[in-house]
Amino acid sequence: MPPIRNASKRKPPPEGFEDIEDQLLIFQNKMKDAHNKPPPTGPKHQAQWEIFQIAHARSRYVYDLYYEKEAISKKLYDWLLKNGYADAMLIAKWKKQGYEKLCCLRCVQTKETNFNSTCVCRVPKAQLKEEQEIQCVSCGCRGCASSD
Amino acid sequence: MAPTGHKYYYHAESKQSTYTRPGLPVPAPTPPQDASASFYQYSAVPNLSDPRVANAYLAQLNAQNRPAQGSHRGGRGGGDSRPRPQPVDKPRSKVAIPGCEPWILVYTRCDRRFVYNPVKNTSYWRIPEKLMAGILELDKARLREKAMSEGPDQKENDKNKEKEKEKGEDTAAAASESGSRLQSLGLEEADRDQADDSSEYEEVEVTDDEADGDEAREDDNNDDEHPSKRQRTEEPVEFSEADIAFQLQAMGEQYGLDPGEYDDGNRDEWPEGAEGVRFSEEDARALFRDLLDDFNINPYNAWEKLIEDGRIIDDPRYTVLNTMKARKEVWQDWSKDKIKEIRERRAKEEKKDPRLAYMALLHEKASPKLFWAEFKRRYRKEPAIADPHLKDKDREKWYREHVNRLKMPQATLKADLAALLKSLPPSLLNNKTRLDQLPTQLLVDMRYISLPAAVRDPLIETYIRTLGPPPDGAGGGGAGGEEEDEASRKAREAKERRERALREHERNVAEQKKRQQRSLEMGRARLREEQREIERAMQVGKEGLQSPLAALREKEKEKERDLEGGAS
């Protein structure tokens, strides 16, 4: 069991954390609210959609800061990943071609589906029928193919 | 059913109507369809039971009274059921009528006019006889003025138009007047100009459409006074592509959109300036960046937060970019640049000592009455206490030291402060230093904060006054500041220029919209008019069979008159 450290004795986060602290706090509060909400009426699988969506948005935020805007240092980025502010596995997928917009990892887990295929949200809009509205089962994604 | 109650047959495709059944071999005479021929078809006069007699009578009377009736868009006598014209008419200008003092002649936006008496607070579309002379005079004066101001070729047209207008007014006014008066008027006008061209007449004229109800009824009763009904188009009303496009445009106008914003398909026919807000890509991006700058957006925050806050959405510059994707892209670039800028600035700035805030807190709040643990608990919400860059151990040490010093006599403290001030080099502390920008080295020292500010500040001030000027070589920072000022000034100027362009553009667009609206309403009114005309044309009376003959006769007579007029 890891030692529980007092806040005053904890090591301070790396340089630049104060800049993004507010936004991260917003995400944190949203996530807390989503956790504490009573389960919504309706299909059971939809209960987790909001959690997935917030986690995705937060990971995207960290990813953008480091890779797109180059706003945070490597040190801070690693620290954020280590402290669970972003999903390192998801970000690893975003760096691969064809997965730039991937919504969640569950949607590319072919082994978990009946026909060993990816989720419907991975299908490009061009290959879907006209005006077909989809929302995937695992995270409520409406389409995350790179060509969309 | 014809208005007179007779049944007749109408063939929708060939646009023919007959009184006899079309299946019968007997060739029934069809009511005429061209404009001139069916001229009198509307004049259904119930008391003149024989249509032939009635038409002959009418033709004769009208040939006498109105030589140029063909081009006259009467538009009167539609009855009470007629809808009011849609574009709300409003007074535009007024002229006092000479000779009849309280009365005013008011011109409306649709180029109609009525008289108004402000004393009695009454107004008439029908101009009373006693005002006739004054108004005629006014019109003449206006005509002369126009003729003077415009070129000779223009003059002809204008004269024509004016005359038409005048005539419309006059006929309206003189509904109950004697035929001789009308005749003289008609002759006078015939002399002035023979070339009555109805096409240009359409442009201006909206005659007394709202002739009051009793007048209209009067017209019905003695229709021989006003038999002229317009007859211009024969096509049945049906919606073509152009109509649909027109309606789309009208709807767009109602919602205040430019055609560019809903894309009506015919891009070439958009009026000038209607393609939505048209900026060069670069300008639009720059404007959006200005917007982000102006609202003090935190570049570290997420795009979703920016949109959820919704502050920037109300700004007109928000719509400069059309798509959310483009906006997000610009925001991404902007935040990237902004963060870079911030980093550079921070790198340039010397690092702020974390001790400063804590020492200030100690100076303000610490007292010998509080133990460290109590002090810490009481002020744990203060950022200086929560600051992770200072170690708790150090904070405790400094607190204890400070509290111990507070217990010392003031003389020692003063001596300590003097020693501290003396130890600072002249490059940091000199007679140019102000109290609010003392060097950090001084501020974080324990000896500086241990005296109350009321005692300490005068001491330091007097000490600074005794010091010499700053040594040379300290001017580097100032020059850099000026340079920065120059750069920021340039940026500001560029921004102002762009904003001025935006304002101008908005004004242009608004003006364009207003103009379009006006022309659209005029067009609608005309369209409605035409529709009514067509309806009227469809109602062929019992004497419709006779009308071609009557019209022909009338035409001949007209020709004769023209010849006579030319001869004289």
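In this predicted model, four strands of chain B form an open sheet in the order 3-4-5-6, and their pairing is antiparallel. Its edges are strand 3 (91–96) and strand 6 (122–124) of chain B, each of which pairs on one side only. Direction ignored, neighbouring strands of this sheet are turned by 30° against each other on average.

Strand 4 (residues 104–108) of chain B is joined to strand 5 of chain B by four bridges, and the two run antiparallel. Within this pair, B:V106 stands opposite B:F114 of strand 5. The two strands form a hairpin with four residues between them, and in its turn B:D111 has a positive phi of about 65°.

On its other pairing, strand 5 (residues 113–117) of chain B is joined to strand 6 of chain B by three bridges, again with the strands running antiparallel. Here B:Y116 stands opposite B:S123 of strand 6. Strand 5 and strand 6 of chain B also form a hairpin with four residues between the strands. B:N121 is placed in the loop between these two strands, and its phi is near 55°, a positive value in a residue other than glycine. With a relative accessible area of 55%, B:N121 is exposed, because the cut-off for that class is over 50%. Strand 5 of chain B, in contrast to this loop residue, is mostly covered, with four of its five residues buried. In a regular strand the side chains alternate between the two faces of the sheet.

The sheet belongs to a chain with many helices: the secondary structure of chain B comes to 21 helices and six strands. Helix 11 (residues 324–348) of chain B has 25 residues and reaches 36 Å from its first C-alpha to its last, close to the 36 Å expected at 1.5 Å a residue. Which residues of helix 11 of chain B are buried? They are B:R327, B:V330, B:W331, B:Q332, B:W334, B:S335, B:I339 and B:I342. An α-helix has 3.6 residues a turn, so residues three or four places apart point the same way. The cover over the buried residues of helix 11 comes from both chains: it includes helix 2 (49–68) of chain A, together with helix 9 (281–294) and helix 10 (303–309) of chain B.

Further along chain B, B:P458 lies in helix 19 (residues 453–466). B:P458 counts as partly exposed, because its relative accessibility of 43% falls between the cut-offs of 20% and 50%. B:P458 and B:L435 are 23 residues apart in sequence, and their C-alpha atoms are 9.8 Å apart in space.

For chain B as a whole, buried residues make up 36% of its 568 residues. Among its contacts between residues at least 6 apart in sequence, 67% join residues at least 24 apart. Chain B exposes about 33700 Å², of which carbon and sulfur atoms supply 51%.

Chain A has four helices and zero strands, so that from the N terminus on its elements run α-α-α-α. Helix 2 of chain A, which helps to cover helix 11 of chain B, also packs within its own chain. Its partner is helix 1 (residues 17–36) of chain A; the two pack at an angle of about 170°, with their axes 9 Å apart. Helix 1 of chain A is therefore roughly antiparallel to helix 2 of chain A, since angles over 145 degrees fall in that class. From helix 1 of chain A, the residues making the contact include A:I20, A:L24, A:F27, A:M31 and A:H35. From helix 2 of chain A, they include A:I51, A:I54, A:R58, A:Y61 and A:L65.

A:E131 lies in the segment after helix 4 (88–94) of chain A. Its phi is near 60°, a positive value in a residue other than glycine. Is A:E131 buried or exposed? A:E131 counts as exposed, because its relative accessibility is 73%.

In chain A overall, buried residues make up 34% of the 148 residues. Contacts between residues at least 6 apart in sequence join residues at least 24 apart in 53% of cases. The chain exposes about 9800 Å², and carbon and sulfur atoms supply 52% of that area.

Notes
Residues numbered from 1 in each chain as written. Chains lettered and ligands numbered in written order. Predicted model: local features only at pLDDT ≥ 70, side-chain atom pairs only at ≥ 80, totals over all residues. Heavy atoms only, no water. Expected span 1.5 Å × (residues − 1). Buried < 20%, exposed > 50% of the residue type's maximum accessible area, 1.4 Å probe, protein only. Contact = heavy atoms within 4.5 Å. Pairing = 2+ DSSP bridges. Axes fitted to C-alpha atoms, helices over the stretch in contact; angles between N-to-C directions. Areas by Shrake-Rupley, 256 points an atom, 1.4 Å probe, with all protein chains shown as cover. Parallel < 35°, antiparallel > 145°, perpendicular 65-115°, else oblique.
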